[in-house]
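Let's take a quick tour of this one, starting with charged pairs and working inwards. Have the viewer open as you read.

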Amino acid sequence: MRGTPYPTLGELLRRAHATVAARPGALRLRVVGTSRAGRPLWLLSAGHGSRHILTVAGAHANEPVGGVTSLSLAERFAREPALLQESGCAWHFLLCLDPDGASLAGRWLTGRPGEGRSDEGLPGEGLPGEGRAAEATPTLRGYYRRFYRPAFAAQPEFPPVPSDPRPAMPESEALVRLIDELRPVVQFSLHGVEVGGSFLQLTRAVHGAAAAYRRIAADLGIPLEHRPFDGMGWLAESPGVLVLPDSSPTEERDPSGFTSQATWLYAMRHGTVSAVVEAPFWSVAGVSDPRPVAEPRREVAEASEILLGRAKQLEAVVGELGPRSPQTPEEIAHFTAARELMDIGPGVVDTWNSAELATTVGNSVSLGVAARRIPLRAAAMMRQALGGAPALDTLVEVWARELASTFDARWVPVADQTELQTRTMLALARALV
């Protein structure tokens, strides 16, 4: 899929079915569960080894890169069966864990001309044998105009802890069943971050993984987050690589207060190593800057002021619109997620203040991106929940442009995003099997 933009979920699944039909025996598809709305969860498998590798894509609705990576690697296994046979493993790809969310989030891919992509993009290479037009470069403005990411409790990679009265989502249950069935040697979870750098999270240290990952990112010119704070309780083995401490709890608490048991951690009962591979859509070179910061507390204070100030500004804009209520299930989903992000600011700031953050320029840049991204996501979803009010439309556009210009965000070609994830998975698989 080199040189192509992200496919929609429908396009991805049609391509998967066509590929399996064209290569009978080399690849196979089966349904391993259904979503809340009744959409099938498709598992694409290659190889027949006695051991198993599992890749999970589409865990977050706004991150389509994992599906592209999964299908590309499966097609490569079909063309080069020896690549997989030498490992003695079967490799399985869950093409999209949250198809309901992806059906909403994917609308930015099918927006009006000029809304999601710039016509000034670099030429793409196209698919072999296909006369594709040049890939247009997506814009942050277009991405956020149709942005959707579910509320924390509606993200299927994070089922609630047993003490929570809420039942697990059927997507979560399907993934847990699949983990129990396969008992994979390694489980990959493929993610994407809108703006920033790449990083890798491992539930167990893997010899040589950090060095291999740094080489891959350097070859592709993708910056590594110097010290990612997504996993603030994890150990920084090296720039861009986090390892779960032995004493780490099996539960995770997000800023909304929702406590879950991540499915990456659930798999550890089978001896599985889980690896979360993050690829940036728009890269920011500054996140990799290792130089120390003179006054870390001031950096945190400035980021906190931006986050809380913009949340307050968004609250004021929503209040000025007067009483409006979302009507459709889609509007309600957007409203619920937006409202949650508007409320978590104080909790996020408390977390930032309690951790040792912004000690390097790179970490300070990452903090500045997050401080802008959270309210921008909220404004983007509130805009759609309330019928595209002009005041919210303006807010989204201004904030998206400011985010791009402040950090000189550069679009990373989809081919490079998928290459980063593919090469990382293959390197880790070789190290583990």
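## Charged pairs at and below the surface

Arg410 is exposed, with a relative accessible area of 51% (exposed means over 50%, buried under 20%, partly exposed in between, using a 1.4 Å probe and protein chains only). Its salt-bridge partner is Asp408, at 2.9 Å from N to O (a salt bridge puts a side-chain nitrogen of Lys or Arg within 4 Å of a carboxyl oxygen of Asp or Glu). Asp408 itself is partly exposed at 44%. Elsewhere, Arg36, Asp98 and Glu171 are joined into one network by salt bridges that share partners.

Before going further: this is a predicted model, where local features need pLDDT of at least 70, side-chain atom pairs count only at pLDDT 80 or more, and totals for chains, interfaces and linings use all residues. Residues are numbered from 1 along each chain as its sequence is written, and side-chain values use heavy atoms, with hydrogens and water left out.

## A long-range link

The whole structure has 21 salt bridges. One of them pairs Glu63 with Arg149, with the closest N and O atoms 3.0 Å apart. This pair ties together distant parts of the chain, 86 residues apart: Glu63 sits in the loop between strand S3 and helix H2, Arg149 in the loop between helix H5 and helix H6 (helices are DSSP runs of H or I with at least four residues, strands runs of E with at least two, numbered from the N terminus). Glu63 counts as buried because its relative accessibility is 5%, and Arg149 is buried too, at 14%.

## Nonpolar cores

Which residues touch the most other members of the largest nonpolar core? They are Tyr6, Tyr144, Leu314 and Trp352, out of 61 residues (such a core is a set of buried Ala, Val, Leu, Ile, Met, Phe, Trp, Tyr and Cys residues joined through side-chain atoms within 4.5 Å). Helix H12, residues 361-385, gives the most to this core, with 12 residues. A second, separate core of 50 residues includes Leu84 and Tyr213.

## A buried serine in H12

Helix H12 also holds Ser366, which is buried at 7% relative accessibility. The side chains of Ser366 and Glu225 make a polar contact of 2.3 Å (a pair of N or O atoms within 3.5 Å; within protein, one must be able to donate a hydrogen and the other to accept it, and residues adjacent in sequence count only if both atoms are side-chain atoms).
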